[in-house]
Amino acid sequence: MSASAQNQAVQTGRITRTFIYVFLLVASLFYLLPFFIMLVNSLKPLSEITGGNMMALPQTWTIEAWGAAWSTAQVGVEPTGLRPYFWNSIKMVVPAVVISTVLGALNGYVLTKWRFRYDTILFGLMLFSCFIPFQIVLIPMARILGMLGISGTTTGLILVHVVYGIGFSTLYFRNYYAAFPTELVRAAQIDGAGFFQIFRRIMLPSSGPIIVVCVIWQFTNIWNDFLFGASFASGSGAPMTVALNNLVQSSTGVKEYNVHFAGAILAALPTLLVYIVAGRFFVRGLMAGSVKG
Amino acid sequence: MGFLDINNVTKSYGNVEVLHRVDIAVEEGEFLVLVGPSGCGKSTLLNMIAGLEDITSGEIGINGRVVNGVHPSNRNIAMVFQSYALYPNMTVGQNITFGLEMHGVPKPERDKAMTDVAKLLQIEQLLDRKPGQLSGGQRQRVAMGRALVRDPDVFLFDEPLSNLDAKLRVDMRTEIKKLHEKLKTTIVYVTHDQIEAMTLSTRIAVMYQGYVQQLGTPKEIYDTPANLFVATFMGSPAMNIMPARVAVVEGRPHAVVQTSEGGEAQLPFSQDNMAAWDGKEILLGIRPEAITDPDGADRKSNNIVALQNRIVVTEPAGSDTFVTTTLGGKDVISRLRADVSVEPGQLFDFAVNMEKAVAFDPQTEARIEG
Amino acid sequence: MRYFGKKSMIAAALMATTSMAQAADVEVLHWWTSGGEAAALNVLKEDLSGQGIGWNDMPVAGGGGESAMTVLRARVTAGDPPTAVQMLGFDILDWAEEGALADLNAVAAEEGWDAVVPAALQAFAKHDGKWISAPVNVHSTNWVWANKAILDELGIAQPGSWDEFVAALDAVKASGKTALAHGGQAWQDATIFDGIVLSVGGVDFYRKAFIDLDSEALGSDQMVEVFNRMATLRGYVDDNFSGRDWNLASAMVINGEAAFQIMGDWAKGEFLNAGKTPGEDFLCFRVPGSAGAVSFNSDQFAMFGVSDKDAMSAQGAMAASIMSPSFQSAFNVVKGSVPARTDVPNDDFDACGKQGMAELAAAAEADTLVGSIAHGHANRASVKNAIYDVVTAHFNGEYDAETAAEELVTAVEIAQ
Amino acid sequence: MAQASDVDFKTKLQHWIPKVVLSPSLFLVLLFVYGFILFTVYLSFTDSRILPSYGWVGFENYSKLWRLSHWTTSLTNLGIYAFLYITICTGLGLGLAIFLDQKIRGEGILRPIYLYPMALSFIVTGTAWKWFLDPGIGLEHTMHLWGWESFKFDWIKNRDYAIYTVVIAAVWQTSGFVMAMFLAGLRGIDSEIMKAAQIDGASNWNLYRRIVIPLLRPAFLSAFVILSHLAIKSYDLVIALTGGGPGRATELPATFMYSYTFTRNQMGIGASSAVIMLMTIAAIMIPYLYAELKEKK
């Protein structure tokens, strides 16, 4: 069934429909408001922000703040803007998302199609790991990264994100594959396909929707992470959020709010893009499995 | 020892034994149907033959080789699944040749095999489509094609027709039968539909509660069911079962049954050894077609008995008319010719073919051997 | 191919490790990320690169160094501490007790730090007789910043005593403007608290209560008076103060919406940045009643233990650069604070800066230089935050003055 | 019959591969989650301050913890916050999903609008929310400018109401995601069931109340898990929006834990609060997981 399939059965009257549209529009205003504030203020000169109404439209429109946030703002001792950190984030997010998704897919595949004793308990253990508060893992994780010699490297950061991404990616794929006909796997076994051949040739080609859900989820979480990025990346290798935080959170300096907001929107662009581009598939993917609990 | 040998096989999940000591030897070219209600263990047995489930104890041999622990793909079998299990992301052609590809068969040979099979099943025009674009019947053919192309020792069918509508099911049934007669391969076929079992098989294994209740040709199963379960499960409408008492009258054992009018009818057995049950209660089984109108009675039978009884319900079915009456306190269905005119409430003279009657021990429910 | 991939990954990991230990580099963890601060720090970076020492920048802003301290813990636990870490007060001593800091005595002796750094600062830069960190600046927290135009308009003179201050606040309030610009964040509340404690009880009371943590002093009538004065000030703050950033409060003074702000000398940067001139557009003076005393906090670069010879010498060079009079001057002119050594010429500083330097030297001389409660120079982080809890709860109306004094005693006790 | 062949290599391999494939993940989870939890439990019984130390102090940290008034405040706050957050998110998400499911024109535009907040971190949106909620510059100010002088919305500055502003911002962030889950659930319902109910004469209200919403049970459960884990982990939000203030009025266990572990140098107390948090999570999640996984079997 496609996500655009509508329930044909429900009939609504004119008044009800008007109410529904009004409600939906008001709700969308509620959701758009913070973004509006960010956007509007990123297009004002600083004096207009500190001086006047922060909700008003700019009197002087300027995109200076955007340029500053991207390439000239001071994020450390160097006025580099967010640009170099953007690539750091990409270098971290892409492998972390790929690895955690692949692991999640394999785990989900094993846990549904190659059942063995106590497999549900193992799954429960993995699922519960989603709920660990990240604050408590900081110190022991640092110790282990140090022992592995990957403290302060992107590799270490990827490892951390993979570890704490496994729970959710396994959950998504397990629920999706649970609804995937086991007979197909059996047929492929009889056809002589091995474990990985079945995965690659039979399971993966049918996993599109859930891959989208998992990738969106992991991408958002990893891209937006600050705690791990700040703790486990070295200075020049720090991800975008750490740089953004440095830009925004300076404690005893002048606060350039317009630059902050421009930077904030820049930092959010990739995730926004992912949501807007893949959003259609997102509901479809959720439908295909993950809401089945 | 057969071509497919199921030797003392059991299956347990944890402490629960779900399949008890199954012994079946299937000859080459035979069409064995495993039939039984859901949960009887027939699919489990099939999966064990395929290698999709472990064998708890006992042995399964295919073509002279014990296959316990052998990977499904190395057993030289092919399987058609209930849902067809067509790979949704591959075209029909790719579905058919996937197994050959996995076995390292070169592409030209694969293509040839595919063309041959497609021709045989008349699905040439479908080869480039995806399963999602096919009708139920077409999918069924593709699933069979996928099995055929492997040229296996044994074909396994897991309720292949149950997802089709009634008309298509009958067509495909015939088709499978034709295919078997043409190819002469060994087939093990699982179904819960006793008509499929009767029409397709060379032999039937009726299963219930993890036991093989009876293994035999369709005729054996139908005429001499091993026990009450087999008797009532096979045949439609089911065999009539009524309580009766054995009485030896004039040196010949009779079944004494209560009629609808309160009287007792004495029906002579064809089996002489029923005399040993003189005076005891039994369960008498008579199939609907053995209780009929006098003109419709089997002329070759030596033991047609007249019986007057009152008609409760009539159900004209076109080719026959089914009539419900009461014998031994039970509803009994009889099958009359369509042109006999009967009315509910009417007292009717039935002709009972006692040659086809069977008797069961009410304690063990086993058939009393005749 | 697969083999190659694996091998190159290991190689990359190895390279990463070696580059971290590379000789003539310093890795610096700090939270000076805003334009002016970072530019000031860049002076140091340039200085070091002139000596062939690379600068590995590791900025982590947030919460006045809280995020940076979290990161530091991760790095130390990983066995890979940065060379130098911006740090405040007791945090330095805590790390010294963990045995994580380096010994800078050689450099210190060579450069004669003992003679030029005030004793009150040395208390945080030395541990067990060893120099462990290089102080960059001295901020002081008991400052009031005032909009001169408003004062002139309302005919208010610069208040010299607490009563005059209250009268001035009243006058501004009557005129319809906000009397006291303030941001309701725990550390800002506590910054005011620094000045008020000094104004009520002077240096002796301050030391007894907040440095010795004498529970009698903490619960005394004087403390109740401190909280009363806090409550008085609360009456001059606008309704909308809660959660406001300090620099927005400064902006209120700059824009003429408010007359006064009590804030550390970093606020000067905001005034200067807005093109205002000290003495002409705005005034800076000590919290009335606290004149003569200076509550300070000092940003220092704590030097972490490194084993490598080259790294040690780079670290030493960095420490020496930080303490050089030229850097001290250049940095502090920009930052608004005053140099950590008392022998730096004041030529480049503005009026407020000069005043601050003079008062610091005088206070150091008179032993009225005390560590700031609010900024971790009076006690350890646990106590500091326990005090925050009470001060901010009282300021937000949760306790009256008497209860607040009682709560202060308990809170400090639990935190110790 | 030929001699019994041994279990062939391929079968043996296929028997072990799944376990081998699962084991790295399992190893990572056991070490990095359960190992660390045990470590934290251990720390909670030690005198750790700035770094882990191993002096055993028994339950002292726990007794100190319960004497701290803002620990109890943070627990009460979590109760209020989690209840409202989960209820409102679920209600709003369900409402939006049902409305969006009525063949709405422009659904393709509305859906990403509801969904996008999930894509942003609170480091980014915290300031915008803070401004919007601030009576001096935000909504209240704007209303005054538009001539509605008596309008008052100063919750963020009010000790008793500030926690509700945290709820508003949190709802803003996740309700769109919940909406997507419910929308997916709605789209998955067999439309024949809906038709049947309408033929039975059910009004739209009854149709949803009696038929559709009960059928969405799996979506409700998933939403509950995701929301409760987000509620318990809420940290960025509070820091960005109120910094735990006014006073300590919006402190939550997560912020409490962070501040004791990392800024107050009382790692032992931080660890003991973490242990209590974990126990709370376990108390909620384990029955749920048990029911879910058992049903699946």
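This is a stop-by-stop tour of a predicted model.

**Stop 1: chains A and D**

Select chains A and D together. Five pairs of chains touch, and the pair A and D has the most contacts among them. Here 79 residues of chain A are in contact with 83 residues of chain D.

Now hide chain D and look at the face left on chain A. Which helix gives the most to this side? It is α13(A), with 14 residues. Colour α13 as residues 257–287 of chain A. Then add the other elements that each supply at least two residues, including α1 (14–42), α4 (83–113), α7 (154–178) and α10 (208–224) of chain A. The shorter list entries to add include α5 (119–128), α6 (138–148) and α12 (240–248) of chain A.

Colour this side of chain A by residue class. You get 57 nonpolar residues, 21 polar and one charged.

**Stop 2: chain D alone**

Bring chain D back and hide the rest. Switch to cartoon. Chain D has 13 helices and zero strands. From the N terminus on, every step in the order of elements is an α.

Is chain D compact or spread out? Its radius of gyration is 25 Å, while the globule rule gives 19 Å for 297 residues, so chain D is more spread out than a compact globule. Turn the chain along its principal axes. Its C-alpha atoms fill a box of roughly 100 × 70 × 30 Å.

Colour by burial next. Of the 297 residues in chain D, 51% count as buried. Then look at contacts with a separation of 6 or more. In chain D, 67% of them join residues 24 or more positions apart.

**Stop 3: the largest nonpolar core**

Show all chains again. The largest nonpolar core has 437 residues. In soluble globular proteins, nonpolar side chains tend to be buried together. Helix α7 (residues 162–187) of chain D gives the most to this core, with 17 residues.

Label the residues with the most contacts inside the core: Val188(B), Trp145(C), Phe260(C), Ala302(C) and Met303(C). Zoom in on Val188(B). Beyond four places away in sequence, Val188(B) touches Leu4(B), Val26(B), Leu32(B), Leu34(B), Leu46(B), Ile49(B), Val154(B) and Leu156(B).

**Stop 4: chain B and its domains**

Stay on chain B. Colour domain 1 (4–233) and domain 2 (240–360) separately. Their centres, taken over C-alpha atoms, are 39 Å apart. Seven residues of domain 1 and six residues of domain 2 make the contact between them.

On the domain 1 side, select helix α8 (residues 228–233) of chain B. This helix gives the most there, with three residues. That side of domain 1 holds three nonpolar residues, three polar and one charged.

**Stop 5: where chain B meets chain A**

Show chain A beside chain B. This contact takes 17 residues from chain B and 14 residues from chain A. Highlight β6 (77–80) and α2 (92–102) of chain B, the elements that give two or more residues to the chain B side. How many charged residues are on that side? There are no charged residues, against twelve nonpolar and five polar.

Next, show chains B and C. No contact joins them, and their closest C-alpha atoms lie 23 Å apart.

**Stop 6: Leu283(C)**

Finish on chain C. Find Leu283(C) in strand β11 (residues 282–286) of chain C. Leu283(C) has 17 C-beta neighbours inside 10 Å, so Leu283(C) counts as partly exposed. Leaving out residues up to four places away in sequence, Leu283(C) touches Ala146(C), Lys148(C) and Gln158(C).

Last, draw a distance from Leu283(C) to Asp310(C). They are 27 residues apart in sequence and 48 Å apart in space, C-alpha to C-alpha.

Notes. Residues numbered from 1 in each chain as written. Chains lettered and ligands numbered in written order. Predicted model: local features only at pLDDT ≥ 70, side-chain atom pairs only at ≥ 80, totals over all residues. Domains from an automatic or database assignment. Contact = placed C-beta atoms within 7 Å. Helix = DSSP H or I, 4+ residues; strand = E, 2+ residues; numbered from the N terminus. Nonpolar A, V, L, I, M, F, W, Y, C, P; charged D, E, K, R; others polar. Rg over C-alpha atoms; globule rule 2.2 N^0.38 Å. Buried ≥ 20, exposed ≤ 12 C-beta atoms within 10 Å, placed from the backbone. Core = buried A, V, L, I, M, F, W, Y, C linked by C-beta atoms within 7 Å.
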